[in-house]
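Dear colleague,

Please find the structure below. My notes on it follow.

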Amino acid sequence: MQQSSCGKQPETAAVLKRTVEALMERGAVVRNLENLGERSLPYKISKHKERHRRGGYFLIDLEAPPTIVTTMMDHLGRDIDVIRRAFVKHHLSKTEECSGIIPVNYNDKLVAKK
Amino acid sequence: MAMRAVAVRPWRGLRPAALWVRPQRLQHEQLPEQSDQPIQMENPYKEPPNRCVLCGINVDYKNVQLLSQFVSPHTGRIYGRHITGLCNKKQKEITKAIKRAQVFGFMPVMFKNPAFLTDPKICNIKYPE
C-alpha cells in the first residue's frame with residue numbers, strides 16, 4: 001500500500017501515471033488505485049521549497065518484493081509533485097479473537113515470582 | 001460423706017469416630033460409587049467478560065474521525081488507558097494508528113480537527129486538558 005499527496009490538478013494524472021509506471025518497472029503488481037479525495041492538509045507541509053496547504057490523497061494497492069521500498073522512496077522523494085510518501089504493510093485483521101478485558105490481579109504481580 | 005470418685009470418662013458408651021457406622025435405619029439411598037462431594041463444574045453464574053468500546057471494530061489509520069475521539073480537543077494529545085477505558089491491544093492499535101495518521105498527513109497533531117468536535121464522547125476525563 002502506498003500513499004502520496006500531490007499538488008494541483010492537471011499534473012495529478014501525470015504524477016499517478018509516472019508513479020505507477022515506476023512501480024511496474026521495478027516489478028510491482030498494482031492491484032488498485034484509490035483516490036481518497038483532495039482536501040486541505042491538517043498542517044502546512046514544506047516540501048521542495050514550497051509551503052503546501054492543499055493536497056490530493058491517493059492510495060495504491062500493490063504487491064511487491066520488499067527491496068522495492070527504498071528505491072521507490074528515493075524516486076518519490078525526487079518527484080516535485082509528491083508532498084509526502086509512505087509505504088504501509090497490509091493489515092491482516094483478526095479481530096474475532098477479542099476476548100474482552102481480563103481483570104488483572106495486581107496482588108499476584110506484587111509478590112515476586114520465583 | 002462418701003463421695004464415690006467417679007473417674008472422668010465421659011466417653012464410656014461411645015466409639016472412636018473412625019469406627020462409627022451409620023445405623024441401618026438412617027442409611028440414605030446412596031450407591032457406593034456416588035459420593036456426597038460437590039460436582040466439579042465451571043461457575044454457572046459467571047458474567048461475560050467486560051468488553052471495551054472498540055472490541056470487534058477494526059482500527060484504521062485512515063479513519064480519522066474514530067481516531068480523533070481518543071484525542072484531546074484542546075491540545076491534540078492522545079488520552080491514556082485510564083481515560084479511554086480500552087483494553088491493552090486496542091489502546092496500542094489506536095496509538096499506533098494516530099501516530100501514523102499524523103505523520104501521513106491525515107490528522108492534525110497539535111489540535112483536534114474542528115469538524116469532529118461535536119462527536120459523541122467516549123473518554124471520561126475528570127479534568128479536561
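How many residue pairs are in polar contact across the interface of chain A and chain B? The rule finds 5 such pairs, both residues at pLDDT 80 or more; a polar contact is a pair of N or O atoms within 3.5 Å, where within protein one must be able to donate a hydrogen and the other to accept it, and residues adjacent in sequence count only if both atoms are side-chain atoms. The rule finds 0 salt bridges across this interface (a side-chain nitrogen of Lys or Arg within 4 Å of a carboxyl oxygen of Asp or Glu).

This is a predicted model, in which local features need pLDDT of at least 70 and side-chain atom pairs count only at pLDDT 80 or more, while totals for chains, interfaces and linings use all residues. Residues are numbered from 1 along each chain as its sequence is written, chains are lettered from A and ligands numbered from 1 in the order in which they are written, and side-chain values use heavy atoms, with hydrogens and water left out.

In chain A, 18 residues are in contact with 23 residues of chain B (heavy atoms within 4.5 Å). About 1,700 Å² is buried between the two chains, 61% of it from carbon and sulfur atoms; this is the accessible area (1.4 Å probe) lost on putting the two parts together, summed over both.

Turning to helix H2 (residues 68-78) of chain A, the residues Ile68(A), Met72(A) and Leu76(A) are buried (under 20% relative accessible area, with exposed meaning over 50%, 1.4 Å probe, protein chains only; helices are DSSP runs of H or I, at least four residues, numbered from the N terminus). These three lie on the same side of H2(A), because they cover an arc of only 55° around the axis, taken from the directions from the helix axis to the C-beta atoms. Exposed residues Thr70(A) and Arg78(A) are on the face turned away from the buried side of H2(A).

Yours sincerely

Definitions and conventions:
Helix = DSSP H or I, 4+ residues; strand = E, 2+ residues; numbered from the N terminus.
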